[in-house]
Amino acid sequence: MSGRLTGRVALVTGASRGLGRAIAKRFAAEGAEVICVARTHGALEELDDEIANAGGKAVLCPLNLREFDKIDQVAGALFERFGRLDILVGAAGDIGGGLAPIGHVDQKHFQEAFDVNVTANYRLIRAFHPLLKISEAGRAIFVTDTAMHAHQPYWGVYGAGKAALEAIVRTWAAEIANISAIKVNLVDPGPLATRMRAIAFPGEDVASLRHPDAATELFVTLAEAQNQRHGEIVKLT
């Protein structure tokens with residue numbers, strides 16, 4: 001790696017598996033100190049070992065993103081430790097307990113999906129915007145899925161969450177476009193070989209999918225201080 005994120009402080013949600021884990025490892029390999037946020041303690045410890053063995057730096061942050069007030073507490077702790085945040089990546093996702101017709105979706109699963117896909121990301125923006133402003137080159141990146149624009153049957157809850165996320169993130173980007181050095185974007189990585197994908201498509205040939213590592217170059221590019229893209233949905237090609 002070429003140290004493209006050396007000296008930068010990054011926070012990545014969903015870091016225990018899949019795309020979030022791949023991003024956290026790549027950011028650390030590029031020189032960032034990475035705050036790894038996820039619910040699963042054991043998986044975070046394994047990630048920490050991998051990052052440390054590769055010479056990188058990680059800070060483990062076991063957190064259920066549905067405990068919204070704790071997001072504010074994390075922001076306060078990071079301000080005390082680092083004085084800023086350079087990169088925010090919202091990579092956690094939830095498919096709402098599986099796929100089902102809208103009229104059959106359990107209220108509990110509906111709420112869980114919106115809590116993770118929408119409300120948690122709004123709370124991340126609210127909590128970490130002040131820390132990103134302190135950075136000389138604050139960057140925020142969120143994960144979306146533009147395939148949901150086709151309104152596929154059984155994907156209503158997940159699709160609605162991604163639509164809401166896109167509206168929130170792009171509106172935030174428009175609000176700060178001319179008054180801040182922060183650059184905000186969404187990434188659509190397309191189908192990747194992740195656990196969530198396997199749950200949604202149990203019969204799919206995993207060998208036909210790209211590994212999450214294939215998406216990390218795009219995240220590094222958008223996280224770099226010199227990146228000037230803003231308010232976009234960037235697709236992995």
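A residue is taken as buried when its relative accessible area is under 20%, as exposed when that area is over 50%, and as partly exposed in between. On this scale, phenylalanine 201 of the predicted model is partly exposed, because its relative accessible area is 29%. Tryptophan 155, by contrast, has a relative accessible area of 10% and is therefore buried.

These two residues take part in the aromatic pairing of the structure, in which a search of the whole model finds 3 aromatic pairs. The rings of tryptophan 155 and tyrosine 158 have centres 5.5 Å apart and planes at 70°, so that this pair is classed as edge-to-face; both of these residues are buried. The ring of tryptophan 155 also pairs with that of phenylalanine 201, and here the centres are 5.6 Å apart while the planes stand at 25°, so the pair is stacked. Tryptophan 155 belongs to the loop between strand 5 (139-143) and helix 5 (156-176), whereas phenylalanine 201 belongs to the loop between helix 6 (195-200) and helix 7 (216-223), and the stacked pair therefore ties together parts that are 46 residues apart in sequence. Through such ring pairs, Trp155, Tyr158 and Phe201 are linked into a cluster.

Helix 5 also holds glutamate 166, a residue that is buried and yet has no salt bridge. The nearest side chain of opposite charge is that of arginine 170, which is 5.6 Å away, whereas a salt bridge would call for a nitrogen within 4 Å of a carboxyl oxygen. When neighbours within four places in sequence are left aside, glutamate 166 is in contact with Thr144, Asp145, Thr146, His149, Leu186 and Ile233. Of these contacts, histidine 149 is found in the loop between strand 5 and helix 5, and with a relative accessibility of 43% it counts as partly exposed. The C-alpha atom of histidine 149 is separated by 32 Å from that of lysine 70, a residue 79 residues apart from it along the chain.

With regard to the cysteines, the count of disulfides comes to 0. Cysteine 36 is in no disulfide, and the cysteine sulfur nearest to its own, that of cysteine 61, is 9.3 Å away; likewise, cysteine 61 is in no disulfide, its nearest cysteine sulfur being that of cysteine 36. Cysteine 36 counts as buried because its relative accessibility is 0%, and cysteine 61 counts as buried at 13%.

The largest nonpolar core of the model has 35 residues, and those with the most contacts inside this core are Leu11, Ile35, Leu88, Phe128 and Phe142. Two or more residues are given to the core by each of strand 1 (9-13), strand 2 (33-38), strand 3 (57-62), helix 3 (68-82), helix 4 (107-134), strand 5, helix 5 and strand 6 (183-188). Among these elements, helix 4 gives the most, with 8 residues. Leucine 88, when residues up to four places away in sequence are not counted, touches Leu11, Leu124, Phe128, Leu132, Arg139, Ala140, Ile141 and Phe142. Apart from this core lies another, of 31 residues, which includes Ala38, Val89, Val187 and Ala215.

Technical notes. Residues numbered from 1 in each chain as written. Predicted model: local features only at pLDDT ≥ 70, side-chain atom pairs only at ≥ 80, totals over all residues. Heavy atoms only, no water. Phe/Tyr/Trp six-rings, centres within 6.5 Å; stacked < 30°, edge-to-face > 60°. Buried < 20%, exposed > 50% of the residue type's maximum accessible area, 1.4 Å probe, protein only. Helix = DSSP H or I, 4+ residues; strand = E, 2+ residues; numbered from the N terminus. Lys, Arg positive; Asp, Glu negative; His and termini not counted. Contact = heavy atoms within 4.5 Å. Disulfide = S-S within 2.5 Å. Core = buried A, V, L, I, M, F, W, Y, C linked by side-chain atoms within 4.5 Å.
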